[in-house]
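Here is a protein to explore together, one question at a time. Take a moment to turn it around on your screen before you read on.

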Amino acid sequence: MPRWLKRPEGSNWGAFGDEDQVGRMNLVTPERRRRALAEAKEGQCFFLGLPLDYPQGKIFAGRNPPRLEPTHGSDGRVMYDWTFADGGSDVINDDRVVLDLQYSSQWDGLSHYGCCFDADSDGVAEHVFYNGFRSDRDFVQPGEGVAPRALALGIENLARTCVQGRGVLVDVRHAGAGPHALVGYEALMRAIEAQGAEVEEGDFLCIYTGYGDLLMRDGEHVDRAALAACPGLDGTDRRLLDWIDRSGLAAICADNPMVEKMEGVERCVGTARLPLHEHCLVKLGIHLGEFWWFGAIAPWLAAHRRAHFLLTAPPLNLPGAVGSPATPVGTV
Ligand code: UVW
């Protein structure tokens, strides 16, 4: 049985093979990675993530900061400042963490976001994900004593690609329009051109909105109104979505929580509340990076009239997870 009979309009399901689980990451070929490596001219590197206990407060209600706990040794003792009971000069600390995988700098896996669509053409919409994988067949749903798990499209698939390619930074801090600072196609193209950036097949588009800078500067005291005023992509702009498709970019990474904005965006009833998520994660297999931080690399790139760099950002190789913390690095 084919997994789907109908695919959403504008989707590329099947283009990378019926069993494909990494989407546009297929476009990061060895040749394109060599082009990315050529951007590492100085050997200087920048961290592009937040500390994983940021945004020191709640942006999404259900996502909590990480909680470190000690593990216990085989003798039941807390394994912190731990020594062997029968002697030896060794002193050992060992810990574990309760970690909401999408609290801080993160990758959205292709199993993170789906849509209601009648892919088997029986007149009833299913919950489908990239390439036609389905909630009812390809996930273990959480229940009493049952842990959830993505049996397809888990983040381990992204990890296997190693996530290394050419980053293209576009500063949109002053490009937003209207009270909600929405960045649509025109504004993004203007910023790309003004900054001498080129977005080509297999690139990682990095959207610098300034959101991460506010979090890094003000921590738990950050001004919520100032965060809300930071720009974000307008996922309802059809021309923007078409360009994302045509450009061949492999992933979009932003320093804000969702890449796109929900505030001030008008949608038709019954359509996706997060249309850029739907376009990228469901239809095209484009991974989204969120809550990254460009406050150190961006001034360096601007001072050297550059927009491109080598990006290395593997997620945790955690089988079955739908997303992952990210600890991305840019090398110039
Ligand atoms: C949601 O889709 C709610 O979250 P994220 O922005 O992390 O993808």
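The questions and answers below walk through this predicted model.

Q: Into which domains is the protein divided?
A: The chain is not simply cut once, since one of the domains is written as two stretches, 23-59 and 102-331. Residues 66-98 form the other domain. So that we can talk about them easily, the names are domain 1 for 23-59 + 102-331 and domain 2 for 66-98.

Q: How many Å apart do the C-alpha centres of domain 1 and domain 2 lie?
A: Picture the centre of domain 1, built from 23-59 + 102-331, and the centre of domain 2, built from 66-98. Taking the C-alpha centres of domain 1 and domain 2, the separation is 37 Å.

Q: Is Ser135 buried or exposed?
A: Start by finding Ser135 in helix 2, which covers residues 135-138. Beyond its neighbours up to four places away in sequence, Ser135 touches His127, Phe129 and Gln141. Its relative accessible area is 15%, and the cut-off for this label is under 20%. Because 15% falls below that limit, Ser135 is buried.

Q: Which residue of strand 11 is the bridge partner of Asp171?
A: Strand 9 (residues 164-171) and strand 11 run parallel and are joined by 5 bridges. One of the pairs matches Gly167 with Phe204. For Asp171, the partner in strand 11 is Tyr208.

Q: Which residue in strand 15 stands opposite Gly165?
A: Strand 9 also pairs with strand 15 (residues 308-312). Here 5 bridges join two strands that run antiparallel. The residue of strand 15 opposite Gly165 is Leu311.

Q: How many residues of strand 9 are buried?
A: Strand 9 is joined to strand 11 on a parallel course and to strand 15 on an antiparallel one. Strand 9 is largely enclosed by the rest of the structure, because the buried share of its 8 residues is 6.

Q: Which residues of strand 11 are buried on each side?
A: Strand 11 (residues 204-208) is mostly covered, with 5 of its 5 residues buried. In a regular strand, side chains alternate between the two faces of the sheet, so it helps to look at each side in turn. One side holds Phe204, Cys206 and Tyr208, and the other holds Leu205 and Ile207.

Q: What is the bridge partner of Leu205 in strand 13?
A: Strand 11 pairs with strand 13 (residues 251-254) in the parallel sense, over 4 bridges. Leu205 has a partner there that is 47 residues away in sequence but 4.8 Å away in space, C-alpha to C-alpha. That partner is Ile252.

Q: What is the relative accessibility of Ile252?
A: Ile252 sits in strand 13. Setting aside residues up to four places away in sequence, its contacts include Leu205, Ile207, Ile244, Val259 and Cys280. Ile252 counts as buried because its relative accessibility is 0%.

Q: Which element gives the most to the largest nonpolar core?
A: The largest nonpolar core has 50 residues, and those with the most contacts inside it are Val170, Leu188, Trp243, Ile244 and Ile252. Elements giving two or more residues to this core include strand 9, strand 11, helix 7 and helix 8. The biggest giver supplies 6 residues, and its name is helix 4.

Q: How many residues of helix 8 are buried?
A: Helix 8 covers residues 275-284. Among its buried residues are Pro275, Leu276, His277 and Glu278. Helix 8 is largely enclosed by the rest of the structure, because the buried count out of its 10 residues is 10.

Q: Which residue follows helix 8?
A: Lys283 and Leu284 are among the buried residues of helix 8. The residue after the helix has a positive phi, near 70°. Its name is Gly285.

Q: How many Å is an oxygen atom of the ligand from an N or O atom in the side chain of His277?
A: The ligand is surrounded by residues including Phe60, Arg63, His112, His277 and Glu290. An oxygen atom of the ligand is 3.1 Å from an N or O atom in the side chain of Arg63. For the side chain of His112, the value is 2.8 Å. For the side chain of His277, it is 2.7 Å.

Definitions and conventions: Residues numbered from 1 in each chain as written. Predicted model: local features only at pLDDT ≥ 70, side-chain atom pairs only at ≥ 80, totals over all residues. Heavy atoms only, no water. Buried < 20%, exposed > 50% of the residue type's maximum accessible area, 1.4 Å probe, protein only. Contact = heavy atoms within 4.5 Å. Pairing = 2+ DSSP bridges. Core = buried A, V, L, I, M, F, W, Y, C linked by side-chain atoms within 4.5 Å. Near = heavy atom within 4 Å. Polar contact = N/O pair within 3.5 Å; in protein donor to acceptor, adjacent residues only side chain to side chain.
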